[in-house]
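Visitor: I should like to learn how to read the features of a structural model. May we look at one together?
Guide: Certainly; here is the sequence with its structure.

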Amino acid sequence: MKHVGKRGKLAYLARYDLAMGFFSNRAKFVVAFACITALAAMFLSAIDAAARYAEAMGMGESSAGFGLVDVLAYFFAGSDYCRPDESVPFVLPIGWLIQQVLVAVLVGNYTVRDLDGQAFQVLVRVGARQAWWLSKCLWVAATVIAFYAAEVVVALIATAAFGGFGAMGDVEAVGVLGFSLSALGSHLAFLLLLPFALSLALSLAQIALSVVAGPFIAFAAIVSFVVVSVYFGSPLLIGDCSMMMRSAFVQPGGVDVTVAFAVCAAVCAASVTLGGLAFGRRDLVGGQDRAS
């Protein structure tokens, strides 16, 4: 295997990781799909309540239904900033937080755990640490893509079964999301892509940290970072930048989407680079990898 070029080694390892990584995560993906389905059910309940309230208050009849974008917007809406000095109570974005935790759970400890047993022998046979690390990064990207693809599938099913591929009216949107989708225009596409960019950045940071500190500490650090970001709207804490409600397109002084994408890209690049350096210096023979 060592006579194979770098691209051949990377392709071999990528196929290995996609097969073994997704197989080892099959139970986690079932749980994730069930949680996403529960979030969709929460959306259906919320839009029904909003429509009933609008009709009861004489604010107009309910719209024809809702579409794929409406469901995804509910998934990514999040909550407004925590402002202790205001009379409006802060609402913890449980649904949004669940999604962040699910992604962190899916990433889990595969990168480090995979160095046990047969996988360690594969690395020895291939003899290319850089290709091994890049393969793990590609697996992380595939895992994040699979998670958001599952959300799209659930949203499509909910739309086909209950929404009729209509469009949620402004009255319902404000009641369900807290803001109007129609006012976002072309900016909406960027807000729907930002959650993926943030999840990819945090997931790559998670596996890079797991190489240095172990998978449990890496998981706890990422989840804690996200939770702290929810409560403190600081530019240094990007964990909440994917919340649509906190976007500058929704409220003045909110998150600049261009800056958020740039920061996510920088975190991805730094995580891949620093994680690769840490993995290149890691002792794979001294038993460290079996401690996790």
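Guide: Let us begin with an open hollow: α2 (26–56), α3 (68–76), α4 and α8 (170–176) each give at least two residues to the lining of the largest pocket. Please keep in mind that this is a predicted model.

Visitor: Which element supplies the largest share of the lining of the largest pocket?
Guide: That element is α4, with 4 residues. The lining as a whole comprises 27 residues, and those nearest the centre of the pocket are G78, S79, D80, V91 and M245.

Visitor: What is the volume of the largest pocket, and how do the residues of its lining divide by class?
Guide: The volume is about 530 Å³. Of the lining residues, 18 are nonpolar, 6 are polar and 3 are charged.

Visitor: How should I read the second largest pocket in the same manner?
Guide: Take the volume, then the residues around the centre, then the classes. The second largest pocket has a volume of about 200 Å³. Its lining consists of 14 residues, with S234, P235, I238, C241 and V255 nearest the centre. By class, 9 of the lining residues are nonpolar, 3 are polar and 2 are charged.

Visitor: How many cavities of 30 Å³ or more are there?
Guide: A cavity differs from a pocket in that a 1.4 Å probe fits inside but cannot get out. The count here is 3 cavities of 30 Å³ or more, and the largest cavity holds about 100 Å³ of space.

Visitor: Which residues lie nearest the centre of the largest cavity?
Guide: They are Q100, A104, L202, I222 and V226, out of 13 residues that line the cavity. The elements giving two or more residues to this lining are α4 (94–107), α9 (187–213) and α10 (215–231). The largest share, 5 residues, comes from α4, the element that also gives the largest share of the lining of the largest pocket.

Visitor: What classes of residue make up the lining of the largest cavity?
Guide: There are 9 nonpolar and 4 polar residues, and no charged residues.

Visitor: Let us turn to charged side chains. What is the general idea, and how many salt bridges does the structure hold?
Guide: Side chains of opposite charge can pair when their charged atoms come close. The structure holds 2 salt bridges. In one of them, the side chains of D17 and K136 meet at 2.9 Å, N to O. This pair links distant parts of the chain, since D17 belongs to helix α1 (residues 6–24) and K136 to helix α7 (residues 129–163), 119 residues apart. Both D17 and K136 are buried.

Visitor: Which side chains meet in a salt bridge at 2.7 Å, and why does R246 count as buried?
Guide: The side chains of R246 and D240 form that salt bridge. R246 counts as buried because its relative accessibility is 0%, and buried means under 20% relative accessible area. D240 is likewise buried, at 3% relative accessibility.

Visitor: How many disulfides does a search of the whole structure find?
Guide: The search finds 0 disulfides. C264, for example, is in no disulfide: the nearest cysteine sulfur is that of C241, 4.4 Å away, and a disulfide needs the two sulfur atoms within 2.5 Å. C241 is also one of the residues nearest the centre of the second largest pocket.

Visitor: Is C264 buried or exposed?
Guide: C264 is buried, with a relative accessible area of 2%. C35, by contrast, is partly exposed, with a value of 25%.

Visitor: How might I examine a residue in a loop? Where is N25 found?
Guide: One asks for its location, its burial and its contacts. N25 is in the loop between α1 and α2, and it is buried at 3% relative accessibility. Leaving aside neighbours within four places in sequence, N25 is in contact with L106 and W139.

Visitor: What do the same steps give for G178?
Guide: G178 is in the loop between α8 and α9. With a relative accessible area of 48%, G178 is partly exposed. Beyond its neighbours within four places in sequence, G178 is in contact with A173 and M245; M245 is also among the residues nearest the centre of the largest pocket. Finally, the C-alpha atoms of G178 and A77 are separated by 8.4 Å, although these residues are 101 residues apart along the chain.

Terms used:
Residues numbered from 1 in each chain as written. Predicted model: local features only at pLDDT ≥ 70, side-chain atom pairs only at ≥ 80, totals over all residues. Heavy atoms only, no water. Buried < 20%, exposed > 50% of the residue type's maximum accessible area, 1.4 Å probe, protein only. 1 Å grid on protein atoms, 1.4 Å probe; cavity = no way out; pocket = protein on both sides within 12 Å on 5 of 7 lines; lining within 4 Å. Points joined across faces, edges and corners; volume = space filled by probe spheres on them. Nonpolar A, V, L, I, M, F, W, Y, C, P; charged D, E, K, R; others polar. Contact = heavy atoms within 4.5 Å. Salt bridge = Lys/Arg side-chain N within 4 Å of Asp/Glu carboxyl O.
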